Amino acid sequence: MSHEASHEATAAPDLASTCASRLVSRRDVLKGAAGFQLAAVLGPFDQIVGFVAARADGTLADVSPAAIAQSGGSRISQWLTVAPDGTVTITAHKGDLGQGIRTTVAMIIAEELDADWDAVTVVQAPADNAFGNQGVAGSGSTSSMYNSATNGLRPVGAAARLMLVEAAAARWGIPATRCRTEKSTVIADDGRRLTYGELAADAARRTPPAANAVQLKNAANFTLVGRPTLRVDNADVVTGKAEFALDVDRPGTRYAVVSKSPFVGGRVHSVDDAAARAVSGVIDVVNVGNGVAVVGEHTWAALKGRAALNVVWDDRGNAGLSSDGIMAAKAAALPAAPPIDVPGARVVATTLDLPFLAHATMEPMTCMAEVVGDRVTVWVGTQSPSSARQGAAQAAGVPEGNVMVNCMLMGGGFGRRGGNEWVREAVMLSKRVGAPVKLLYPRDEDMRTDNFRPASHHRLRGAVDAAGRIVAWQHHLASGGSGNGPNPNLANQVRPSYNVASPDLQAVGVGDPVSVGAWRSVSHSQINPANEVLMDMLAHAASQDPLAFRLANLTNNRLRGVLELAAEKADWGSALPARVGRGIAACAAWNSYVAQVVELEVATDGRIKVRRVVAAVDCGQVINPLGVAAQIEGASVDGLSTALGAAITVEAGRVQQRTFAEYVWFRMADTPPIEVHLLTGKSSSAGGMGELGYPAMPAAVINAVFAATGIRVTRLPIQPADVALAGAPTPVPTVVSTAVPTAVPPTAPPTAVPPQPTDGPGTPAAKVFLPWGGTGRP
């Protein structure tokens with residue numbers, strides 16, 4: 001059985017009426033709960049200890065581990081409540097950065113509860129160890145919350161459902177086996193009915209079931225999981241009601257921005273802040289070590305103050321760095337490749353250079369912090385609530401138990417919000433000025449001080465014999481982010497998904513001078529494009545169609561399934577005009593599979609227009625088809641953007657990009673139709689999805705360009721000059737504007753002056769600065 005979700009299908013026409021404010025604030029729930037909370041747990045089932053009654057004033061009982069331990073109970077986490085009116089409120093403990101996890105978590109629990117989805121609301125949990133791992137990374141949120149092997153949340157709903165059934169059966173004086181459930185209602189075999197709201201009080205007083213008494217549904221009986229479902233917060237997002245950290249306001253709030261070093265890894269040498277302090281509305285100027293924070297009565301004052309700063313930066317010896325030098329150092333770090341000595345084989349070889357990439361979240365890093373005495377409250381969009389809590393506690397010098405982290409909706413993350421430097425800085429500034437502080441990294445700061453995707457250099461060689469079999473495969477990779485020297489973990493990930501006997505795989509770590517970190521799909525964003533380009537080259541060396549060659553060299557049926565479906569939907573093999581080509585590539589990761597076909601046109605001057613993208617996905621058990629389609633669509637746009645426009649480059653020790661005019665992402669007008677087709681029924685477990693859609697896209701673009709032009713590009717992003725016809729003029733890149741709101745003051749040449757102490761407690765070095773073994777360092 002297959003299910004298809006088209007690009008158009010995700011563009012819901014009537015969001016307001018079908019998804020009206022399903023997401024409510026935690027405060028709303030606490031006020032509205034009339035008195036019955038059903039508590040279930042995450043983790044081994046024997047930790048389920050029961051329902052938690054509310055206090056008389058309607059607030060929730062204290063179910064923190066400490067309180068439970070003091071009462072003699074076991075660990076409890078609160079996941080759902082049922083109000084007398086039947087409203088089911090489910091707590092989402094993972095942060096939502098656009099992947100729709102609030103919706104999928106609620107769907108998983110509501111499915112097993114047999115809840116009426118129209119009466120389900122969702123609240124966002126704060127950072128709390130009682131919820132276990134709240135981190136959002138590695139495409140693991142939805143899969144871990146569904147699969148039994150990772151102690152998923154299905155038993156939460158199933159246990160609560162059983163207790164409601166038992167409560168109804170007891171009231172009617174019949175065995176529970178004579179009851180069934182449907183849409184938040186228990187129905188006896190004689191037709192009597194009671195709603196969950198009517199039963200909640202009785203259910204809350206019952207002893208929770210033993211683990212072996214709870215039966216999970218057969219997937220064939222699902223009525224919600226697998227059904228295209230709009231996100232619970234769609235209406236709030238599109239109407240502006242949804243709250244991000246930037247929207248939070250507190251009485252007496254002060255506003256802060258930080259001017260960071262223009263040099264990669266740079267620090268403050270000295271600062272003359274007299275002019276900044278003279279700006280009307282500026283309250284304080286604080287040296288935070290790797291930058292200077294300006295606190296004002298409003299954002300404009302802070303920005304004006306930042307522009308008035310006179311800072312001398314210590315470039316830390318990095319003023320001579322350049323992207324060319326960094327990449328040359330990576331290439332030089334690879335050991336000499338052994339020859340491919342297979343008689344009669346056809347040998348292919350190329351290199352591929354992949355640049356640094358910024359996360360470029362639409363919502364820049366923001367944190368509201370309020371320090372009152374020894375208590376700290378922060379509001380932040382974070383992929384790592386525990387890290388944010390720890391950072392806030394360290395910055396304020398208080399125990400973590402004194403810190404409350406409100407996890408806000410995130411305007412994108414892609415790995416960027418796994419850190420907490422902006423949390424530490426906001427807390428430190430709030431403590432210093434004695435008022436709530438809203439800290440913002442403006443776009444021009446965030447773009448050049450990001451934790452970038454490492455740049456990498458790939459040396460690819462391979463060979464096929466006369467029968468079209470792969471007889472040699474070399475993928476030697478030099479990348480940053482892991483220090484210098486061989487990286488066995490990365491080398492293991494370099495292994496291709498196809499039938500390749502004894503591949504020669506090497507990964508050498510070459511420390512990057514810029515700050516690097518996790519980026520969407522992490523190392524797969526580098527490895528998979530290179531592997532899929534090499535597959536394409538081997539196919540042509542074997543004089544075979546790239547799709548047929550892939551199918552002939554694989555044994556994994558799920559990978560085969562997505563390749564065949566994508567090709568079928570993309571009309572693979574049909575005739576195309578001159579300088580129009582199709583490229584295909586696939587990715588197998590996170591227990592999921594995707595194949596993508598890109599169809600594009602290359603003008604004679606080298607400009608590339610993407611005409612169509614077709615994707616086929618097998619992620620096992622689909623929770624929300626609309627969510628899967630959205631993830632693939634978004635990742636496809638990321639893949640197209642970084643293949644054809646966006647890169648972070650370094651020149652004279654400085655990151656050159658500061659705005660979207662220079663870091664060119666696909667605009668709406670650039671984005672082609674994207675079709676997403678789902679294969680279901682291949683696995684009963686749920687695979688990862690958030691990062692799956694990226695790794696194949698750059699290779700599909702490269703392969704399509706080769707099909708259109710016969711040119712095998714060796715670096716990303718592709719420049720018009722790389723693929724223009726000989727003699728044809730190439731267009732000059734259009735830059736809308738390079739102006740930024742506040743210019744970085746000119747820097748004085750670094751001199752050998754001892755570093756100054758910071759004004760405040762400061763923050764640890766905000767970025768990872770790895771050893772640099774390249775040639776670009778003076």
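**Notes on the predicted model**

1. Let's start with the overall wiring. In the protein chain, take the contacts between residues at least 6 apart in sequence: 77% of them join residues at least 24 apart. Please keep in mind as you read on that this is a predicted model.

2. A few totals for orientation. The protein chain contains 21 helices and 29 strands. Its 778 residues include 60% that count as buried. The exposed surface comes to about 29,400 Å², with carbon and sulfur atoms supplying 52% of that area.

3. Next, a word on confidence. The average pLDDT for the protein chain is 84, and 83% of the residues score at least 70. Two stretches deserve a friendly warning. Residues 1–21 stay under 50 in pLDDT, although the model gives them 42 contacts beyond four places in sequence. Residues 24–77 are likewise below 50, and the model has 112 contacts for this stretch beyond near neighbours in sequence. Where pLDDT is low, the predicted coordinates should not be read in detail.

4. Now to the interior. The largest nonpolar core holds 107 residues, and the members that touch the most others are Leu563, Val598, Leu600, Val617, Tyr663 and Val701. Helix H16, spanning residues 524–541, makes the largest contribution to this core, with nine residues. A separate core of 46 residues lies apart from it; Leu80, Val82, Ile108 and Cys179 are among its members.

5. Val701 is a handy residue to centre your viewer on. Leaving aside residues up to four places away in sequence, Val701 touches Val598, Leu600, Leu640, Ala643, Leu644 and Ile718. Of these, Val598 and Leu600 also appear with Val701 in the list of core residues that touch the most other members.

6. I would also look at helix H18, which covers residues 557–569. Its 13 residues reach 18 Å from the first C-alpha to the last, close to the 18 Å expected at 1.5 Å a residue. The buried residues of H18 are Arg558, Leu559, Val562, Leu563, Leu565, Ala566 and Ala567. Leu563 is also one of the residues that touch the most other members of the largest core.

7. What do the buried residues of H18 pack against? Their partners are helix H17 (546–552) and four strands: E24 (580–589), E25 (592–602), E26 (608–618) and E29 (674–679).

8. Finally, the two ends of H18. At its start, a side-chain oxygen of Asn556 comes to within 2.8 Å of the backbone nitrogen of Arg558. After the helix comes Asp571, which has a positive phi, near 60 degrees.

Technical notes: Residues numbered from 1 in each chain as written. Predicted model: local features only at pLDDT ≥ 70, side-chain atom pairs only at ≥ 80, totals over all residues. Heavy atoms only, no water. pLDDT = per-residue confidence, 0-100. Contact = heavy atoms within 4.5 Å. Core = buried A, V, L, I, M, F, W, Y, C linked by side-chain atoms within 4.5 Å. Buried < 20%, exposed > 50% of the residue type's maximum accessible area, 1.4 Å probe, protein only. Expected span 1.5 Å × (residues − 1). Polar contact = N/O pair within 3.5 Å; in protein donor to acceptor, adjacent residues only side chain to side chain. Areas by Shrake-Rupley, 256 points an atom, 1.4 Å probe, with all protein chains shown as cover.
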